[in-house]
Amino acid sequence: MVTIPRLVIAAPASGSGKTTVATGLMAAFTRRGLAVSPHKVGPDYIDPGYHSLATGRAGRNLDAYMCGPELVAPLFAHGARGCDLAIVEGVMGLYDGASGQGELASTAHVAKLLQAPVVLVVDASSQSRSVAALVHGFASWDPEVRISGVILNKVGSDRHEMLLRDALDESGVPVMGVLRRAEQVATPSRHLGLVPVAERRGDAVAAVSAMGAQVSDGCDLDALMALARSAPRSPAGSGAWDPMAAVRGAAAGGDGCDAAVPLPGPARNRGSGARTPDGPGGGGPAGSGRGRPVVAVAGGPAFTFSYAEHGELLAAAGAEVVTFDPLRDVALPEGTRGLVIGGGFPEVYAPELSANEPLRKAVADLAAAGAPVAAECAGLLYLSRSLDGLPMCGVLDAEGRMSKRLTLGYREAVAITDSALAAVGTRLRGHEFHRTVLEPGAGSAPAWGMHLPERRVEGFVQQGVHASYLHTHWASAPGLARRFVERAAR
């Protein structure tokens, strides 16, 4: 594995300013002409959108729970290939991981897996000398976690800054930046966190630009780059993750895929639109030489939750991936033979989604024809009969509505109904994150049996449809993509 300069941006707790600092650093180094690879610890979909805006590259997640610790470094190397610098934004507090699982999936865990130096972002708005005790405690808690610098956030005045610096002189951890309170870098929040970039692109561009300017003015970028370069070779083992190799490795019946079939070479793209290019990894189990099956992937402001690796795996498995926007497009992409609808905010756009009757009918017709359809969370709601009383696609005999209760957490799941996505017995780990309720929560043929936090069944399988609240990361089970594309090619 090629050594990549890297930093992990962490904090003692949520709300300290990790996203502002990490995104600002990404923007600042990108302005210097560096190719910056953006990463986010955990399952979060929204922060990577801001990272992508800052760097011009796909924001990628590093989740040691859903993908397993062994995939963290290879996925990191895959995303950072060819870059000058990688910046990893942490999740929650530095040592906060999966509930009841020790350090698993914490920022500290990922930092150790990447052997990356950590910069601690501290909200200093309500403290002075106590900041030294806080930083000392975090730096000494786990000797394997290398906390090599501090960035002080929300500093009120020159006098406040002097007091903080004097205190930290005794901690042995250098101050690498001081940021004052700044309203222009604020990003609005909603019921599931920050408002995604796709919903406020103009304002988001301005906010990211302000973050970059603030970090450039307040941080020692040269010292931070030197720290990033001090990282040793990352222990990725066999090297960077590769979607084609992952799909081929899943071909022998593992991870819920069918028996192996020959993988043809790349096929010619058909038509126009936002399609995956031919090239390395472009071939897959398209079958009989009839060209690659078109798999439509929902995008746009209503469906922003997606992992970059999903599209890469679909393409590696032989699909021609075409993105469409259910808010604007009145038809599915030409030749669609499979449909993926990920997470997002359909509750925010329910009137517009409902008003697009031609597309709702096209989705219902595709599902009725038996084509493979994979839907997660927002996609599940879109396939339901109604959402907050407004008609949706009507594929599933269920109704969705907003709820005051937040459902949040990692899950262990097993496929209990054979589907176009997973064979019975396929086991994986996923994540739930929603403030909606679907009634009923499972069909006569449920998608998953859950083992955490309690035993229950969830989701729907009917004909080619697999729909569930569970967010999954297909890099942990590439056989899902292979099986799905094989069904689309039939």
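Select Asp142 first: in this predicted model the residue is buried, with a relative accessible area of 12%. Asp142 sits in the loop between helix H5 (130-141) and strand S6 (147-155).

Next, add Lys112 to the selection. Its side chain meets that of Asp142 in a salt bridge, 2.8 Å from N to O. Lys112 belongs to helix H4 (residues 107-114), and the pair links distant parts of the chain, 30 residues apart. Lys112 has 19% relative accessibility and counts as buried because the cut-off is under 20%.

Move to Arg60, in strand S3 (residues 60-62). Arg60 is buried, at 10% relative accessibility. Two acidic partners can be shown here, Glu309 and Glu312.

Show Glu309 beside Arg60: the closest N and O atoms of this salt bridge are 3.2 Å apart. Glu309 lies in helix H10 (residues 308-316) and Arg60 in strand S3, so the salt bridge ties together parts that are 249 residues apart in sequence. Glu309 is buried, with a relative accessible area of 1%.

Then show Glu312. Its salt bridge with Arg60 has an N to O distance of 2.6 Å. Glu312 is in helix H10, 252 residues from Arg60 in strand S3. At 22% relative accessibility, Glu312 counts as partly exposed.

For the last stop, select Asp158, Glu161, Arg165 and Arg180 together; a network of salt bridges links them. To continue from here, display every salt bridge: a search of the whole structure finds 22.

How values were computed: Residues numbered from 1 in each chain as written. Predicted model: local features only at pLDDT ≥ 70, side-chain atom pairs only at ≥ 80, totals over all residues. Heavy atoms only, no water. Salt bridge = Lys/Arg side-chain N within 4 Å of Asp/Glu carboxyl O. Helix = DSSP H or I, 4+ residues; strand = E, 2+ residues; numbered from the N terminus. Buried < 20%, exposed > 50% of the residue type's maximum accessible area, 1.4 Å probe, protein only.
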